[in-house]
Amino acid sequence: DRFNFGVIVKSHLLNPKQVTVYYDLYGPDSTLVRSGKRDARFEMRLEDTVRFFENIPNIESWSHESPKLYTVALRIQHEGRFTDYTTLKIGFRDVQFSDKGITINGRPVELRAIDYLCPDDEATLCNDLLKFRMAGINLLRVERYPQSKRFYDLCDQYGMVVWAEFPYISEHLPNGRANTISPVSYTHLTL
């Protein structure tokens, strides 16, 4: 299986600098699966993407039935010192759409959806996600506004597919001002 990801690094540097970006990939059981590094040059106050490509055997795929998540730990080294650190959870999955429906990792999936208004507290959210999972619900449709990163992280952890609707405001279109008063929605399926 091919492991491919990019890291977007935003530079606040006042001078161009040469750095090394390191990553460690940990499996769902927290064992180290792969490490790597890439040299990069960052210009002043710009964004750039550092890409990693690896072939990793025996990847455990994420699905709504078995939400296997890996952890990527990133760090940046400049002049011998590590200056920035971050971690994130990721899932490997292959999603296909056709006239026959949706497949995740080559298996047909029947999506069972519910409209969901996200609560403010995490304990209620976790309780709801557990209840939904036990009831066979595997897709949450959320409206009105983008949710927090923590919401999407918990949905990944509990094996939920999320259908998020974001307001689309198009001031540059002929009737764009009307759109700012009564937004039209576009949809985005987050898998």
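This is a short chat about helix α1, the cysteines and some salt bridges in a predicted model.

Student: Before we start, what kind of model is this, and how are the residues numbered?
Tutor: It's a predicted model, with residues numbered from 1 along each chain as its sequence is written. Local features need pLDDT of at least 70, side-chain atom pairs count only at pLDDT 80 or more, totals for chains, interfaces and linings use all residues, and side-chain values use heavy atoms, leaving out hydrogens and water.

Student: OK, helix α1. How many residues does it have?
Tutor: Helix α1 has 13, residues 122-134. Helices here are DSSP runs of H or I with at least four residues, strands are runs of E with at least two, and both are numbered from the N terminus. From first C-alpha to last, α1 reaches 18 Å, close to the 18 Å expected at 1.5 Å a residue; that expected span is 1.5 Å times one less than the number of residues.

Student: Which residues of α1 are buried?
Tutor: L125, C126, D128, L129 and F132. Buried means under 20% relative accessible area, exposed over 50%, partly exposed in between, with a 1.4 Å probe and protein chains only.

Student: Why are they on the same side of α1?
Tutor: Because they cover an arc of only 160° around the axis, taken from the directions from the helix axis to the C-beta atoms. On the other side of α1, A123 and M134 are exposed.

Student: And what do the buried ones pack against?
Tutor: β10 (113-116), β11 (139-142) and α2 (149-158), where contact means heavy atoms within 4.5 Å.

Student: New topic: how many disulfides?
Tutor: The count is zero, with a disulfide taken as a pair of cysteine sulfur atoms within 2.5 Å.

Student: So why no bond for C126?
Tutor: Because the closest cysteine sulfur, in C155, is 9.7 Å from the sulfur of C126, too far for a bond. C155 is in no disulfide either, with its nearest cysteine sulfur, in C118, 7.1 Å away. C155 is buried at a relative accessible area of 1%.

Student: And salt bridges, how many does the structure hold?
Tutor: Seven, each a side-chain nitrogen of Lys or Arg within 4 Å of a carboxyl oxygen of Asp or Glu. One of them joins D24 and R75 at 2.9 Å, N to O. D24 lies in strand β2 and R75 in strand β5, so this pair ties together parts 51 residues apart in sequence.

Student: Which residue does E122 pair with?
Tutor: R150, with the closest N and O atoms 2.9 Å apart. E122 lies in helix α1 and R150 in helix α2, so parts 28 residues apart in sequence are tied together.
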